[in-house]
Amino acid sequence: MKKRVGEFVRRAVTAVAAERGFAAADLPEIVIEQPREKSFGDFASNIAMQLAGRWKTNPRAIGEALRLELEKEPDLARVTVDGPGFINMTLDVGCWHRRLVEIAEAGDDFARLDYGRGRKVLVEFVSANPTGPLHIGHGRGAAVGDVLARLLTRAGYEVDREYYVNDAGNQMRILGRSLRWRYLELLGHRSGPLPEGYYQGEYLVKLAQEVRSAHGDGLVPADLTEDDDQGLDFFTPYAAEAILNGIRNDLELFGVGFEYWTSEKEFFTSGRVDAVLDELREKGVLYEQDGALWFASSRFGDEKDRVVVRANGVKTYFASDIAYHRDKFERGYDLLIDVWGADHHGYVPRLRAAIEALGCDPERFAVILVQLVSLSRGGTPVAMSTRSGEFITLEEVVREVGRDAARYFFLTRRSDSHLEFDLELAKAQNNDNPVYYAQYAHARICSILRKAREEEFDVHGTELRAGCGSCLTMPEELELIKKLDDFTALLESAARNLEPHRLTYYLDDLATRFHSYYNRHRVVTDDRETSRDRLLLVTCIRQVINICLGLLGVSSPERM
RNA sequence: GCGCCAGUAGCUCAGCUGGAUAGAGCAACGGACUUCUAAUCCGUAGGCCGGGGGUUCGAGUCCUCCCUGGCGCGCCA
């Protein structure tokens with residue numbers, strides 16, 4: 001609807017511009033907004049004030065001229081010029097009734113946008129090192145990335161999800177040694193605290209038991225020293241694979257899947273890291289200093305240059321990440337989105353610098369930073385320490401509070417804002433819990449529809465469509481229709497700004513309006529005409545709630 | 001020291017990339033079930049949008065300088 005009104009305004013501006021001899025070419029962008037104050041009307045435009053500067057004319061005078069043009073539009077019931085020069089417009093109620101019928105006819109396809117125009121997007125998220133199970137912070141990244149992918153898909157993008165597996169480097173060797181140590185501990189060859197830097201979680205003890213029962217006691221000699229690599233060819237990949245499988249299971253439990261699992265190691269073994277370094281060398285942005293090879297990222301806005309090959313000949317993580325992002329661009333994506341923990345924010349400028357140096361468009365690369373999650377239980381903080389290995393895993397959280405609540409909670413805040421996750425609140429089966437609010441609205445509507453069927457309304461068939469919505473004249477009914485109509489604009493702005501949390505706010509608002517309406521008015525009444533139109537309205541509300549919950553990856557229960 | 005992000009009601013947070021009189025939930029208080037589900041609703045109260053200056057018709061939103069908190073500043077990943 002906003003776009004249609006924008007079209008009205010555009011026509012009016014063009015007409016007035018022609019009348020006054022101004023070029024139609026350099027008109028400002030027409031912005032239509034919904035005024036906060038309802039009495040101003042359905043939509044407003046600030047165009048008169050924008051034109052005032054260019055045309056050197058009083059904004060109210062321009063507004064009046066535009067009003068005369070706009071009043072020719074049959075769909076506009078009322079046009080006024082208010083305040084400093086706002087043009088306020090009210091649509092004919094018939095427009096809203098027709099819109100409701102459109103929404104009903106669109107069904108589940110309502111609010112499938114063409115905003116992305118089929119452009120290809122890669123959303124890379126989670127990408128946790130396979131050195132331990134996923135914790136709750138990863139869960140937030142998983143929820144944000146997954147919902148963003150769903151959102152962009154609905155907005156008309158072609159979306160792939162990818163998990164980048166950091167299976168190379170020193171940490172993998174330490175992982176292998178940690179497992180080997182646990183294995184030797186089982187055999188009585190090790191005791192006491194783990195060496196410095198080893199992974200301490202209980203999961204490696206369990207894994208060592210698996211190794212022992214599957215492969216026996218003779219994998220490595222008992223007198224092995226800790227700096228010996230013996231046996232790591234077995235232990236390292238064994239541990240990485242087992243942990244990665246666990247991560248896959250946790251994500252599946254959480255309702256998150258990926259098109260691609262890409263291995264960092266393969267960028268080294270396939271020579272693609274070397275290739276990208278050669279490419280950078282040819283561009284003259286690499287140099288040697290102190291025995292190491294540096295990338296001159298400061299020439300592209302980074303605060304200092306970065307090492308890509310250490311003096312000992314080992315390539316850095318950064319080097320493989322350049323190759324990785326080079327590869328993503330070469331795979332033909334129009335937009336790359338990385339979802340990272342906010343503690344990696346200092347890494348953004350160097351990667352952007354590398355992308356620019358390679359001649360790729362940095363505008364097509366976006367990073368979403370996800371802030372840490374602090375966990376509490378009934379208001380008291382739950383201590384978490386990765387170092388001691390005592391952290392709450394994502395699996396534990398999902399098993400305790402359920403997938404729906406966990407996913408919903410992760411999206412109740414902007415991603416770059418701290419999130420306090422209260423386990424008691426998330427699993428509360430009462431009205432403190434925001435998760436059930438929207439689900440309850442859905443279930444309630446389903447209940448109404450069951451009742452309507454008892455009263456022999458054909459809720460799925462033609463009877464509702466025959467209703468034109470003209471009985472819906474109360475302000476709260478029109479507000480509900482407008483809110484439903486606004487869902488397309490909401491989706492577009494959430495997609496444009498890469499802000500999936502807006503879905504939960506929209507949903508909460510829609511559910512609030514519905515619950516309020518429900519408490520004031522019966523849908524199924526003695527009056528068949530009124531009932532039919534109200535059923536049409538609640539059917540559409542149910543549809544939109546269902547679509548929105550689906551985007552969040554949360555179920556839409558028919559009974560609660 | 002430098003950089004990034006934040007600072008909005010008692011608490012937790014929204015605020016649609018500059019709009020009109022700044023919103024919600026929780027907490028507090030008072031009400032509503034003979035009804036299509038009370039996991040709901042209605043009402044009351046709550047504010048120097050961290051502070052100063054600037055940009056303009058107009059600033060919570062933009063620019064600048066301070067204050068406070070978190071994070072980052074490795075030839076780790």
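User: Let's start with the small sheet: in what order do the strands of this open sheet come, and is the pairing parallel or antiparallel?

Analyst: Strands of a sheet pair through backbone hydrogen bonds, either parallel or antiparallel. Here 3 strands form an open sheet in the order β8-β9-β10, with antiparallel pairing. Two strands pair if DSSP finds at least two bridges between them; helices (H or I, at least four residues) and strands (E, at least two) are DSSP runs numbered from the N terminus. The edge strands, each pairing on one side only, are β8 (286-289) and β10 (306-309). Neighbouring strands of this sheet are turned by 45° against each other on average, direction ignored. Angles run from 0 to 180 degrees between N-to-C directions, and axes are lines fitted to C-alpha atoms, for helices over the stretch in contact.

Before we go on, this is a predicted model: local features need pLDDT of at least 70, side-chain atom pairs count only at pLDDT 80 or more, and totals for chains, interfaces and linings use all residues. Residues are numbered from 1 along each chain as its sequence is written, chains are lettered from A and ligands numbered from 1 in the order in which they are written, and side-chain values use heavy atoms, with hydrogens and water left out.

User: How many bridges join β8 to β9?

Analyst: β8 and β9 (residues 292-295) run antiparallel and are joined by 4 bridges. Q289 has A292 of β9 as its bridge partner.

User: Which helix lies across β9 and β10?

Analyst: That is α11 (residues 317-330), which runs at about 85° to β10.

User: Now β6: in which sense do β5 and β6 pair?

Analyst: β5 (residues 120-124) and β6 pair in the parallel sense over 5 bridges, and V121 has V159 in β6 as its bridge partner. Strand β6 (residues 158-165) also pairs in the parallel sense with β7 (residues 260-263), over 4 bridges. There, Y164 is partnered by T262 of β7.

User: What handedness does the β-α-β unit of β5, α5 and β6 have?

Analyst: A crossover is right-handed if, with the strands pointing away from the viewer, the path from the first strand over the helix to the second runs clockwise. β5, α5 (residues 136-154) and β6 make a right-handed unit.

User: Why does D422 count as buried?

Analyst: Buried means under 20% relative accessible area, exposed over 50%, and partly exposed in between (1.4 Å probe, protein chains only). D422 counts as buried because its relative accessibility is 12%. D422 is found in β15 (residues 419-422). With contact meaning heavy atoms within 4.5 Å, D422 touches S376, R377, G378 and G379, not counting residues up to four places away in sequence.
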